[in-house]
Amino acid sequence: MKRIALVAIAVMLALGTAAFAGTLHGKVSGVNGESVVYIEAVAGKTFPAPAQHITIDQKGLMFVPHITVAQQGATVEFLNSDSVAHNVFWPAISGNKKLGHNLGTWPQGQRKSFKFDDPGVVSLLCNVHPEMSAYVIVSPTPYFAVTDKAGEFKIDNVPDGAYTATAWHEGAKNKSNPVKVAGDTAADFTLSK
Amino acid sequence: MNGKWLSLLSASMFAGLSVLAVLSVPPKADAIPAFSRKYGTSCSTCHSDFPKLNDFGKAFKDAGFKFPKDDESFLKTPPVLLGAPAQAELWPHTIYPGSIPGTLPVGLRYNTYYQQIGANRNNFNQVLPAGTIGNFVPKSDFQPGFFSIFTAGNFGTGISWWVDDDISVAGANANGALGDGYLKFNDVSRFLKLPKDSLNLRAGQFELDLPFSQARTWNLSGWDIFSEANVGIQNGLGPAQNVSNGSKLEDAANGVEFSGGHIYQGYHYSVAVFDQNTTGVAPTAPNIGPQNGVSFNSDANFKDLYGRLVYRFNLEKDPASRNDVQAAGTMGPRDHTYLALGTIYFYGRTAQPVSGVQADGVTPTVLTAREPFYRVGGDVNFNYRNLNVFGVYVAAHDHNLLPVTAPGAAGITGFASAPAATFSGGFAEVDYLALPWAMTIMRWDQVKSSADRINFIQYNPSAPPGSSFFSPYSATRNRFTPGEQFLIHANIKASVEYQIMPQQIVYNPATGEIITGPFRTNALILGLEWVY
C-alpha cells in the first residue's frame, strides 16, 4: 500500500511539473531571415552551464554558422578549417568594450575555445578578412530559439511564469516584451532597423 | 623671332610640359576587385594599402593569382570547366582540360587629382623676350587621371594571366596604352621534377621584375631612378657623349621571363629576355614587323637581358610561423618581420645609325654605333609589424661611341670610345601603417647623372652654358616627398603628397647673368582613386 502511494505521488509530481512547463512560440516580423528569441534573466534563478561545447567553423572565408545562440556559461570552440590564417575577435559584448577579446591566431585544423560568461550579443570578426562576420547571442537562460527564415520560433519547456522575452536580429533594434507563459503561449515581435 | 629664340621658346615649353607631365601623370596602380568578387573577400586580404601587397597578396600572386592552398574551397562562384578533369587522362588524344572563372574577372579603376605648384613655377618665362607668350603653369589645377580596365586570373591548370589597359588618360579617350599583358605558366618545375615553384615562365608584355613595382606603386609619383633615361649629347661643355638611350627600368618589356622561388619568403629569381626598346617612344616607321606591317618596339636585332635575385629572411622565432604565408601574431595573422636583400642586373645594347661615308671618305653609307649598356643595383627591404623601410640603389653605365671623321673625309667615317655615360642613384622610403586605413610615407629620391650634367644641368658661373635650361641646378637631383594615404573604404583611397623638388636656376642665355638664384618648384598633389 505504501509503495502504491509513493508511485502515485511521483506520478502526480511528474504530471504537475509537465503541466507547469509551457511553450513559447510566435513570429518575428519586420525583418527577413533568421532571428533569435530568448528569455531574459530570471531574478533569483541560476542555470548550470551546459557541458556540451558549441563549434563555430571558419571555412571558405566565412564563419559557419553565421548565428549561434549559446547559454550563458557555455563554451564555444572556434575551428579553423581554412588553409589560410584566421583569427577571431569581438570588439565588445552588447556594446560593452571591456568585454572585447581577441583569440589570436591558430592554424588549419586546430581550434580555440572560449567560455562566454557574460550575456549579450557578441559580434565575431576576423582581423585579416574584414568581410567575415558572425554572431554569438549569449542567452542568460536556457530558453532560447533561432527562428526559421519566415521568422517562426518555438521555445519548449519554459516554466510557467512571467518573463521578459527579447528578440534579436542582425542590424535591427532589439525588442523586449513581457510575456506570461502558461502552457502554450504565443508572443510575436516586430523589429525595425 | 630668330632661330635662337625659337629654340629657346621650344625648350622652355618642352621643359614646362615635362614638369607638368611629371607632376600630373602619377604611375599606374592596380588592385584587382575581380578577385574580391571571385572569392568574396575584401581588398585588404591581399593589400595593406592598395595596390601595396601584404604577405598574403604576395603569396597569392606567386601562386598564379589564386590561394596558395585549396584554392577551390574559397571560390564563391564555381569555375566553368573547359573539359572535364578526367579528360586529362586522354591527353594527347584530347584538348587538355582547363577552366575559366565563373564570373568575368574584370576590374575598373579611376583616379582624379588636384595639384598646387609653388610660386616659382613660371620663372623660366623670364628668359623670353618681352611680349612673348610663354608657357603658363597654373598655380592650382584639377586633373582627371587614368580610367583603366584590368583582368587577371588563372585557367585552373597553373596557367595565369594579367592584362591591364588605360582606356583613358587625363580625360582623353583612348589616349592610354596597354600596361602589362602576359600569360604565366606557374610551377613549370613540376614537369621537370625540380623543387616546387622553382621555375615559372611568363610571356608577353610585362614590367620587369623590379625590386618595387613602378607600375603598381602606391605612391602618387613614381620613383625617379626607375624613370631615368640616359641621353647624353655633344655640346662642348664637357666630356662629349653620343648616347641616346631612352630606355628606363620602368618600361614595359616584350619577351619571356623565367622565374622561381617566392617573394614572400626565401629566394626569388627572375631572368628576362626581351626586345630592346631604347627609343622610349612608340614604334617608328623603320620598325615595321614582317607580319602585315604590324609595328614592333625593337630598335635593333638584339635582345636585352634582365635578371633579379633576392632572398628574404623571415625573422619570426617560431619555425611554423616563419615558414607560413603570414606570421601568427598574438592578435591575429600579420605580415612577417623580415629582411630582404636583392640585386638587379640589366644588360642591353643601343643602336644609333648615322649617315657617314665609307673608308674612302666619299661613298655615302650608314654607320651604326652599337653601344652596350648595363644597369646594376641592390635593394633592401625591412619590415617590422606596421613599419616598412626599404630602398634601392642603381648604377647605370652606357658605352659611349663618339663619331669621328677621318682627315679629308666628307663625313663621319667611324666611332671612337669615349668616357661612359653614367648615372646612379636610388631612393629610400619609410611606410608606416599607423592605422589599417592610414599610411604615412617619407621618401627620398636621388639621381646623379653625367648626361644631365652635360645637358646644361650644372651651372658654372665662370663658364655659363650657351643656352638656357630647365632642369635641376646640380647634376645630383634630390627630392624629398612626405605623404599620407587614407583608405576611405578598402577600395577607395585619398592620398596627399608634398614634393620638395630639386633646385633649379634661370639665367640669361645671352649673357650668362643669373636671373633667379636657385629655387624649387615644390608641388602639393592630392589624389582620389577607386577601383571596383
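What follows walks through a predicted model of a two-chain complex, from overall make-up to local detail.

For the complex, the predictor gives an ipTM of 0.76 and a pTM of 0.85. Chain B comes out with a mean pLDDT of 84, and 83% of its residues reach 70 or more. Two stretches of chain B need some care. Residues 1-26 of chain B have a pLDDT below 50, and beyond near neighbours in sequence this stretch makes 36 contacts in the model. Residues 464-470 of chain B also sit below 50, with 20 contacts in the model beyond near neighbours in sequence. Where pLDDT is low, the predicted coordinates are not something to read in detail.

Now for the chains themselves. Chain A is built from one helix and 17 strands, and its C-alpha trace spans about 70 × 40 × 30 Å along the principal axes. Of its 193 residues, 33% count as buried. If one takes the contacts in chain A with a separation of 6 or more, 63% of them are between residues 24 or more positions apart. Chain B has five helices and 28 strands, and buried residues make up 41% of its 532 residues. In chain B, 60% of the contacts between residues at least 6 apart in sequence join residues at least 24 apart.

The domain assignment splits chain A into domain 1 (1-38 + 149-193) and domain 2 (48-140). Where these two touch, domain 1 of chain A puts in five residues and domain 2 of chain A puts in six. On the domain 1 side, the residues touching domain 2 of chain A break down into three nonpolar, no polar and two charged.

As for the interior, the largest nonpolar core holds 91 residues, and the members that touch the most others are Val37(A), Val122(A), Leu124(A), Val136(A) and Ile155(A). Strand 11 (residues 133-139) of chain A supplies the largest share of this core, with five residues. Both domains of chain A take part: at least three core residues come from domain 1 and at least three from domain 2. Leaving aside residues up to four places away in sequence, Leu124(A) is in touch with Phe63(A), Val88(A), Trp90(A), Ser133(A), Ala134(A), Tyr135(A) and Val136(A). Apart from the largest core there is another one, of seven residues, which includes Tyr113(B), Ile117(B), Met501(B) and Ile525(B).

One sheet of chain A can be followed strand by strand. Four strands make up an open sheet, ordered 4-3-6-9, with mixed pairing. The edges are taken by strand 4 (63-64) and strand 9 (111-115) of chain A; each has a single partner strand, so one side of each has no neighbour in the sheet. Strand 3 (residues 54-58) of chain A is antiparallel to strand 4 of chain A, and two bridges link the pair. Across this pairing, Gln58(A) faces Phe63(A) of strand 4; Phe63(A) is also among the residues touched by Leu124(A). The hairpin of strands 3 and 4 of chain A has four residues between the strands, and Gly60(A) takes a positive phi near 60° there. With strand 6 (residues 75-80) of chain A, strand 3 of chain A runs parallel, and five bridges join the two. In that strand 6, Val76(A) is the bridge partner of Ile54(A).

Over in chain B, helix 3 (residues 55-62) has seven of its eight residues buried, so the helix is largely enclosed by the rest of the structure. The buried set is Asp55(B), Phe56(B), Gly57(B), Ala59(B), Phe60(B), Lys61(B) and Asp62(B). These buried residues of helix 3 pack against strand 1 (47-49) and strand 2 (52-53) of chain B. Just after helix 3 of chain B comes Gly64(B), with a positive phi of about 90°.

That leaves the interface between the chains. Here 19 residues of chain B are in contact with 15 residues of chain A. On the chain B side, strand 16 (327-329) and strand 17 (332-334) of chain B are the elements that contribute two or more residues. The residues of chain B that touch chain A sort into six nonpolar, 10 polar and three charged.

Conventions: Residues numbered from 1 in each chain as written. Chains lettered and ligands numbered in written order. Predicted model: local features only at pLDDT ≥ 70, side-chain atom pairs only at ≥ 80, totals over all residues. Core = buried A, V, L, I, M, F, W, Y, C linked by C-beta atoms within 7 Å. Buried ≥ 20, exposed ≤ 12 C-beta atoms within 10 Å, placed from the backbone. Domains from an automatic or database assignment. Contact = placed C-beta atoms within 7 Å. Nonpolar A, V, L, I, M, F, W, Y, C, P; charged D, E, K, R; others polar. Pairing = 2+ DSSP bridges. pLDDT = per-residue confidence, 0-100.
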